[in-house]
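This report looks at one protein chain, from its overall layout to a few individual residues. Keep the sequence and the structure in view while reading.

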Amino acid sequence: MPLYDYRCETCGEFALLRPLAQWRDPAACPDCGAACERYVSGAPALSALSSAVNRAHALNERSAAEPRSSRAGHGMNCGCCKGGKLPSKTRHTPDGGKTFAGARPWMISH
């Protein structure tokens with residue numbers, strides 16, 4: 001549940017943990033019981049986060065535009081780094097036609 005800030009006209013400011021569905025609803029002041037409207041006090045206090053969390057946020061921001069690759073420029077399933085060429089599935093018939101090993105003969109391929 002998020003923490004929302006409220007302001008009572010007689011008692012001052014207070015904060016309450018409320019369900020997200022009740023973010024627009026007024027809250028009762030804990031001192032006088034009056035209905036108080038929610039107000040936005042400012043930006044969240046990000047400086048209060050731990051240094052580990054701040055480092056994680058900074059790392060995510062740096063990698064958002066250009067993710068770091070561990071394969072030095074090669075994409076996923078790069079064929080040049082596997083060492084050796086995979087055998088072709090194309091089979092040639094004596095009359096010059098082509099068939100594919102394990103393919104269904106009634107299907108049209110791309």
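Is Arg24 buried or exposed? In this predicted model, Arg24 has a relative accessibility of 63% and counts as exposed.

## Where Arg24 sits

Arg24 lies in a loop, the one that runs between strand E2 (12-17) and strand E3 (27-28). Along the sequence, Arg24 and Glu37 are 13 residues apart, and their C-alpha atoms are 8.2 Å apart in space.

## The chain as a whole

The protein chain has 110 residues, and 9% of them are buried. Its secondary structure consists of 1 helix and 6 strands. Going along the sequence, these elements come in the order β-β-β-β-α-β-β.

The surface that the chain exposes is about 9,800 Å², and carbon and sulfur atoms supply 56% of that area. Contacts can also be sorted by how far apart the partners are in sequence. Of the contacts between residues at least 6 apart, 16% join residues at least 24 apart.

## The largest nonpolar core

Which residues make up the largest nonpolar core? This core has 7 residues in all: Tyr4, Tyr6, Cys8, Phe14, Ala27, Cys29 and Cys36. Strand E1 gives the largest share of the core, with 3 residues. In soluble globular proteins, nonpolar side chains tend to be buried together.

Tyr4 is a core member that can be followed in detail. Tyr4 is in strand E1 and counts as buried, because its relative accessibility is 7% and the limit for buried is under 20%. Setting aside residues within four places in sequence, Tyr4 is in contact with Phe14, Ala15, Leu16, Arg18, Pro19, Leu20, Trp23 and Arg38. One of these partners, Phe14, also belongs to the core. For Leu20, the C-alpha atom is 9.6 Å from that of Tyr4, with the two positions 16 residues apart along the chain as the separation.

## Before and at the start of E1

Pro2 is placed in the segment before E1. Its relative accessibility is 29%, so Pro2 counts as partly exposed. Outside its neighbours within four places in sequence, Pro2 is in contact with Leu16, Leu17, Arg18 and Leu20. Pro2 and Leu20 are 18 residues apart along the chain, and their C-alpha atoms are separated by 6.7 Å.

Leu3 belongs to strand E1, which covers residues 3-8. Leu3 counts as exposed, because its relative accessibility is 56% and the limit for exposed is over 50%. Together with Met1 and Leu17, Leu3 makes a nonpolar surface patch of about 380 Å².

## Cysteines without a disulfide

How many disulfides does a search of the whole structure find? The search finds 0. For Cys8, the nearest cysteine sulfur is that of Cys32, 3.6 Å away, and Cys8 is in no disulfide. Cys36 is in no disulfide either, and its nearest cysteine sulfur is that of Cys8, at 4.0 Å. Why do these pairs not count? A disulfide here requires two cysteine sulfur atoms within 2.5 Å, and the distances are 3.6 Å for Cys8 and 4.0 Å for Cys36.

A disulfide is a covalent bond between the sulfur atoms of two cysteines. Cys8 and Cys36 are instead listed as members of the largest nonpolar core. Cys8 is buried, with a relative accessible area of 5%. Cys36 is buried as well, at 3% relative accessibility.

## The salt bridge

Charged side chains can also pair up. A search of the whole structure finds 1 salt bridge. Its partners are the side chains of Arg7 and Glu13, with 3.6 Å from N to O.

How exposed are the two partners? Arg7 has a relative accessible area of 45% and is partly exposed. Glu13 has a relative accessibility of 56% and counts as exposed.

Note on methods:
Residues numbered from 1 in each chain as written. Predicted model: local features only at pLDDT ≥ 70, side-chain atom pairs only at ≥ 80, totals over all residues. Heavy atoms only, no water. Buried < 20%, exposed > 50% of the residue type's maximum accessible area, 1.4 Å probe, protein only. Patch = residues over 30% accessible without salt bridge, like charges linked within 9 Å, V, L, I, M, F, W, Y side chains within 5 Å. Areas by Shrake-Rupley, 256 points an atom, 1.4 Å probe, with all protein chains shown as cover. Salt bridge = Lys/Arg side-chain N within 4 Å of Asp/Glu carboxyl O. Helix = DSSP H or I, 4+ residues; strand = E, 2+ residues; numbered from the N terminus. Core = buried A, V, L, I, M, F, W, Y, C linked by side-chain atoms within 4.5 Å. Contact = heavy atoms within 4.5 Å.
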